[in-house]
Amino acid sequence: VQLQACGGGLVQPGGSLRLSCVASESIFSSNAMGWYRQAPGKQRELVATITNGGIINYADSVKGRFTISRDNAKNTVSLQMNSLKPEDTAVYHCNLHIIRHGFPPVDYWGQGTLVTVSS
């Protein structure tokens with residue numbers, strides 16, 4: 001499975017961006033799609049995930065500002081980011097986490113898209 005992400009860029013503090021990620025094929029196993037980010041000098045951290053059943057998880061730092069959604073028919077996941085802060089600056093990576101009964105989970109990653117929040 002390949003993941004193609006887009007939507008990063010430069011935005012001023014308080015602005016908005018929308019990230020999108022499309023998977024190259026349909027996933028029929030239980031799975032979660034989401035976004036992780038890695039800022040310079042820091043470890044990669046979870047931003048938000050959503051399962052194919054619609055269960056959502058957000059990092060505390062983005063709750064109330066970011067909204068994750070997915071379209072299972074189109075194999076896409078999107079992240080609407082509002083009220084962006086300089087500390088949101090990072091490379092954002094799309095993730096697909098597949099859970100298969102009786103087998104170890106499998107993770108796929110997109111290439112990363114840079115989000116820069118600066119005036």
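**Exercise 1.** Determine the handedness of the link between Cys21 and Cys94 from the angle about its S-S bond, and then place both partners in the fold.

*Solution.* With -85 degrees about the S-S bond, the link of Cys21 and Cys94 is left-handed. The two sulfur atoms lie 2.0 Å apart, which satisfies the definition of a disulfide as a pair of cysteine sulfur atoms within 2.5 Å. Cys21 belongs to strand E3 (residues 17-23) and Cys94 to strand E9 (residues 90-99), so the disulfide ties together parts that are 73 residues apart in sequence; strands here are DSSP runs of at least two residues, helices (H or I) of at least four, numbered from the N terminus.

The model is predicted, with local features needing pLDDT of at least 70 and side-chain atom pairs counting only at pLDDT 80 or more, while totals for chains, interfaces and linings use all residues. Residues are numbered from 1 along each chain as its sequence is written, and side-chain values use heavy atoms, without hydrogens and water.

**Exercise 2.** Classify Cys21, Cys94 and Cys6 as buried, partly exposed or exposed.

*Solution.* Buried means under 20% relative accessible area, exposed over 50%, and partly exposed in between (1.4 Å probe, protein chains only). Cys21, at 1%, is buried, and Cys94, at 0%, is buried as well. Cys6 is in no disulfide, the nearest cysteine sulfur being that of Cys21, 8.4 Å away; with a relative accessible area of 45%, Cys6 is partly exposed.

**Exercise 3.** State how many helices and strands the protein has.

*Solution.* The count gives zero helices and 11 strands.
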